[in-house]
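Take a look at the two chains shown here. Then work through the questions in order.

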Amino acid sequence: MKSKYALRFVALGYLALLLGIPVALVFINAFQDGIGTAWNAVTTPEAQHAFWLTFIMVAVAVPLNTVFGVLCALAVVRQRFRGRALLNAMVDLPFAVSPVVVGLALLLVYGRRDGWIGPWLSEHGVQIIFSTPGMILATIFVSLPFVVREVIPVLREIGTEQEQAAATLGANGLQTFFRVTLPAIRWGVAYGVVLTIARALGEFGAVSVVSGKLSGRTETATLYVESRFQRFDETGAYAASVVLALLAFATLLAMNLIKPKEAQG
Amino acid sequence: MSIVVESVSKRFGDFVALNDVSLNVRDGSLTALLGPSGGGKSTLLRVIAGLEQPDSGRVLIGGEDATAKPPQRRDVGFVFQHYAAFKHMTVAKNVAFGLAIRKRPKDEIEERVNELLALVHLDGFAHRYPSQLSGGQRQRMALARALAVQPRVLLLDEPFGALDATVRKELRAWLRRLHDEVHVTTVFVTHDQEEAMEVAEQIVVLNHGDIEQVGSPRDLYEKPANEFVMRFVGPVSELSGRWIRPHDVEILTEPAGGTSEAQIDRIVHLGFEVRVELSLGDGESTWVQTTRAKVEELELAEGQIVWLRLEAEPVSV
């Protein structure tokens, strides 16, 4: 009996020390000068623009990575081709590579002066680095694996019989996908989407390198928190952090609300 | 619709699943593909359905070459061993799937679904989910789903293989009756000879990718083409170097012409049937299938010396 409580104590204590207390302190610090001050700090034009930019990152990266993630998982699980193992391994690259390296890699490709295709793009009036497209690319890169990784095991588990049954009943490939496969993997996709949103909301390193950190122009919410903090505007930094944390909580909560009882575990 | 399989071969890597197999299935018949696992019977069924592409050979359904057609254009109903129920749909939606794909009007779909649920005795289960059904109910739902689109042929892959013995027996009898009602050309795969004998009009015995014999249950039992078929479709015993059916041997308590002397080792009572195990003079052993009444009449006992005689026209190979 005692070991049972010891296990709970260790698990809860670990979470409290490393997660609960620090996050709680962020909330306390944000509101120490009152709710009004905190509110004002996150409604300045710079702050609003930063949140808007973060919203754009999420709005572009999440749908793209969802569609790509499902297609990629289908290719890995349902097809046999040369390079399948390589594709499977490549998907994990964003997990393994530090976001800073991702940022630098994007500079090497799209840098305006000496990038690989950056100068050519620049001549044609397309600016990637120090602008929104580059930041979107960085966000897509770092949040790419989540949907793929969540969907692959679910696809393996459901097997191919339901799809074959649909085929014998007259469904073509698209009908089978939308009526049978997608509903069967929907919770895997949903969980992948939630993780992708959380990752895209919180991305700092890669975006930081390619953004140029121009306040009010290329500053996302996380970059805004950093710049406020470096300018000794602690209330501004903590208040913006609270908004980011609340957005992440809301995402997780939304998933738990839409998830049916039997899928929870 | 008739099904014709012409010289179909299929390999999976080094494994030969089907080796130049040809077969005719008559329109409206009920055929069993029987054989041990790995014998090629499921592969043959899947080739007919279009779920596997043969390496060579042709498949004709209703006289029309279907080899190049994808499964969705073959008009076949397919029932899987593990049901392949659409778990996120209700029983009614499962059954309606093929009709919904064909964009039939709503009231027609509803009517047809109700009709089919009644046929498979699942009326009242329309709004349940597959997870709320027993194995036997799920398989009947799968059957209704396959029949909903009025397929030209119905293919069942070990349909009762995942069910327990009692439900299996029930569903066998029920499939037989269903076929009498619906009359769709039906082919089912089984590794259970009793199931094949009980349900099918025609049995195709497959082993190592080859067809060993095609015939009625009685043909197979009484005129097996070879030792494999003989052993697979019924019990066998050996007497004087011949493979025989153990019920084709008569036990006598006195010697007579053409008999062999033997000693009873063991008498096993299996209800009505009794299995008598014997040793022959030359160190060989055999067994005889007889009845409880016979054993009592002859007052047989373990250790007793008896004489064995083959019946007039024994089945043997």
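What follows is a set of short questions with reasoned answers.

This is a predicted model: local features need pLDDT of at least 70, side-chain atom pairs count only at pLDDT 80 or more, and totals for chains, interfaces and linings use all residues. Residues are numbered from 1 along each chain as its sequence is written, while chains are lettered from A and ligands numbered from 1 in the order in which they are written.

Q: How many helices and strands are there in chain A?
A: Helices (H or I, at least four residues) and strands (E, at least two) are DSSP runs, numbered from the N terminus. Read along the sequence, chain A shows α at every place in the pattern α-α-α-α-α-α-α-α-α-α-α-α-α-α. The count is 14 helices and 0 strands.

Q: How many helices and strands does chain B have?
A: The C-alpha atoms of chain B fill a box of roughly 80 × 45 × 30 Å along the principal axes. Chain B holds both kinds of element: 9 helices and 17 strands.

Q: What percentage of the residues of chain B count as buried?
A: A residue is buried if 20 or more other C-beta atoms lie within 10 Å of its own, exposed if 12 or fewer, and partly exposed in between; the C-beta atoms are placed from the backbone. In chain A, with 265 residues, buried residues make up 35%. In chain B, with 317 residues, the value is 40%.

Q: Why do the buried residues of helix 6 of chain A line one face of the helix?
A: Helix 6 covers residues 99–110 of chain A. Its buried residues are Val102(A), Gly103(A), Leu106(A), Leu107(A) and Tyr110(A). The arc is taken from the directions that run from the helix axis to the C-beta atoms. Seen down the axis of helix 6 of chain A, the buried residues line one face because they fall within an arc of 145°.

Q: Which helices do the buried residues of helix 6 of chain A pack against?
A: Two residues are in contact if their C-beta atoms, placed from the backbone, lie within 7 Å. By that test, the buried residues of helix 6 of chain A pack against helix 5 (93–96), helix 7 (118–123), helix 8 (132–142) and helix 12 (205–211) of chain A.

Q: Is Phe130(A) buried or partly exposed?
A: Phe130(A) sits in the loop between helix 7 and helix 8 of chain A. Its phi is positive, about 60°, although it is not a glycine. Phe130(A) has 18 C-beta neighbours inside 10 Å, so it counts as partly exposed.

Q: Is Glu158(B) buried or exposed?
A: Glu158(B) lies in the loop between strand 7 and helix 5 (165–182) of chain B. It too is not a glycine, and its phi is positive at about 45°. With 21 other C-beta atoms within 10 Å, Glu158(B) is buried.

Q: Which strands of chain B stand at the edges of the open sheet with the order 2-1-4-5?
A: Two strands pair if DSSP finds at least two bridges between them. This sheet has 4 strands and antiparallel pairing. An edge strand has a single partner strand, so one side is left without a neighbour; here these are strand 2 (15–25) and strand 5 (64–65) of chain B.

Q: What is the order of the open sheet of 6 strands in chain B?
A: Its pairing is mixed. Strand 9 (residues 202–207) and strand 10 of chain B, for instance, pair in the antiparallel sense over 5 bridges. Strand 6 and strand 10 (210–215) of chain B stand at the edges. The order is 6-7-8-3-9-10.

Q: Which residues of strand 13 of chain B point to one face and are buried?
A: In a regular strand the side chains alternate between the two faces of the sheet. In strand 13 (residues 249–252) of chain B, Glu250(B) and Leu252(B) point to the other face and are not buried. The buried ones are Val249(B) and Ile251(B).

Q: How many residues does the contact take from chain B and from chain A?
A: On the side of chain B that touches chain A, strand 6 (76–79) and helix 2 (91–101) of chain B each give two or more residues. The contact takes 19 residues from chain B and 14 residues from chain A.

Technical notes: Expected span 1.5 Å × (residues − 1).
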